[in-house]
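Take a look at the protein below. This report covers its overall build, its core and its empty spaces.

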Amino acid sequence: MLVQPFRSLAPRLQRVLGSLPANQGLSRLLPSCVALQLCTSNNLTSSEFKQSDANQRKTSKAQLERIHRADTGSSFSVFTAGAARKRAESAKSQMGVEMADASTVTKVTKTLVPLKPLNVDDWKKLKKESYNKTRFEVSMMEKLLSARADIDVAKSLLVFVTMESGTVEYELLLKYLALCVQQQHLTEVLDLYVMMKSRFKVLEIGAYSLFISGFCKTDHWREAVVFLESIKKMVTPSPRNYGDIIISALKHKDVETAWILLKEMESKNLKPTENTLQAFFDYGKSFYDDQYENKIMYILFYLRNNQIYPGEGLMHSIHSWFESIPGNQWEGHETTILHSGECPVCNTLLESIQLSTEEYHVLRECVMNDIIQGTDTFKKTTPQSCKYLQVSA
């Protein structure tokens, strides 16, 4: 598969995208400062406390209105109940235009991601208006990734970077690869692998993980096993790395590869995801085989022994797998176990997690023989303490 360099790709993309009008209304994000105007209460002088009852009865209408405003929050004591809330409401009403301007600035910050492809001149203008010009391209690609933007916008950004600097750095290509995997542009993923493999001698773990996710959705899924081996040379692969390949292997009816990888996960103490286990049950519904049934039972015992409780999706897959077994009339029902541990559908008493008397005695003997007494001469357990522990136990 041949891949054109981005330099040769740029003119063709420009002809396809055409000359787009520059974005209007991209104002600079100027810092705005707003000051809260706090409400103050009128100090009461001692003379006001000395007013006679006659003067109080002569209170004017203006004074009554002032008292009413004090009750509604225009002027009140800072010690009044709810004073903080009233000050905040008053400040909001007095700030008015300033708050509206602040919200406009916030909206501009969130809408910096272009909604359609831009030409080189538009990208230059956008870069000039950005604060961090040195990492503008990488930051913009991250925004496109988080906004799930159209891939054509990302392509136009790569064209701009190629025209400006003559090359595209590894970090920017990695972000673009993540966008392609996210939106399942699988042809782009295959082309990027050829390009990055030819340009860079070594790929990092993040790139291999993305290629595993992308390749597993294509007919080239077996190459993902090679990527997995490359990750093993650096670190232990994640359960998702294994899970992507296992799901793809079962989809392509390669049960042997899927089972080998599942056993390898178990040997590395990696817990498979529910999607990985669910793929085994979903695959087994289409046919019946004694050997495959043994594998399914092994998974069920794995869930039991490790106290892994399946989610709703895995539960329905297990349910449908049992009902698909020919010759056995299994029935599955959703139910709620009683506090006594009894199932109200089949009246079966579920296995208790509490230790029985026999299990307790076995555990006690193991602790006494292997830990308390043991064979380590440097332990400080004395015969007296051993006797005390044996009696108290």
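A pocket is an open set of grid points with protein on both sides within 12 Å along at least five of seven lines, whereas a cavity is a set of points where a 1.4 Å probe fits but cannot get out. Keep both words in mind. The model itself is predicted.

**Overall build**

The protein has 20 helices and zero strands. Of its 393 residues, 32% are buried. The exposed surface comes to about 26200 Å². Carbon and sulfur atoms supply 55% of that surface. Now consider contacts between residues at least 6 apart in sequence: 61% of them join residues at least 24 apart.

**The core**

Which residues have the most contacts inside the largest nonpolar core? They are W123, F211, L250 and F280, in a core of 76 residues. Helix α10, residues 170-182, gives the most to this core, with ten residues.

F211 deserves a look of its own. Leaving out residues up to four places away in sequence, F211 touches L177, V189, L192, Y193, M196, L203 and F227.

**The largest pocket**

Next come the open spaces. The largest pocket has a volume of about 1800 Å³. Its lining is made of 35 residues. Nearest the pocket centre lie Y309, P310, I318, I337 and L350. Two helices, α17 (290-305) and α18 (312-324), each supply at least two residues of this lining.

**The largest cavity**

Three cavities of 30 Å³ or more turn up in a search of the whole structure. The largest cavity holds about 80 Å³ of space. Its lining consists of L262, K263, M265, E266, L270, P272, L277, Y298, I299 and Y302. Helices α15 (255-267) and α17 are the elements that give two or more residues to this lining. Which element gives the most to it? That is α15, with four residues.

**Two linings side by side**

The table sets out the make-up of each lining by class.

| Space | Nonpolar | Polar | Charged |
|---|---|---|---|
| Largest pocket | 18 residues | twelve residues | five residues |
| Largest cavity | eight residues | no residues | two residues |

Read across each row. The pocket lining includes twelve polar residues, while the cavity lining has no polar residues. Charged residues appear in both: five line the pocket, and two line the cavity. Helix α17 also has a part in each, as it supplies at least two residues to the pocket lining and two or more to the cavity lining.

Note on methods. Residues are numbered from 1 along each chain as its sequence is written. This is a predicted model: local features need pLDDT of at least 70, side-chain atom pairs count only at pLDDT 80 or more; totals for chains, interfaces and linings use all residues. Side-chain values use heavy atoms; hydrogens and water are left out. On a 1 Å grid over the protein atoms alone, a cavity is a set of points where a 1.4 Å probe fits but cannot get out, and a pocket is an open set with protein on both sides within 12 Å along at least five of seven lines; lining residues have an atom within 4 Å of a point. Grid points are joined across faces, edges and corners, and a volume is the space filled by probe spheres set on the points. Ala, Val, Leu, Ile, Met, Phe, Trp, Tyr, Cys and Pro count as nonpolar, Asp, Glu, Lys and Arg as charged, and the others, Gly among them, as polar. A nonpolar core is a set of buried Ala, Val, Leu, Ile, Met, Phe, Trp, Tyr and Cys residues joined through side-chain atoms within 4.5 Å. Buried means under 20% relative accessible area, exposed over 50%, partly exposed in between (1.4 Å probe, protein chains only). Contact means heavy atoms within 4.5 Å. Accessible areas come from the Shrake-Rupley method with a 1.4 Å probe; for residues, only the protein chains shown count as cover.
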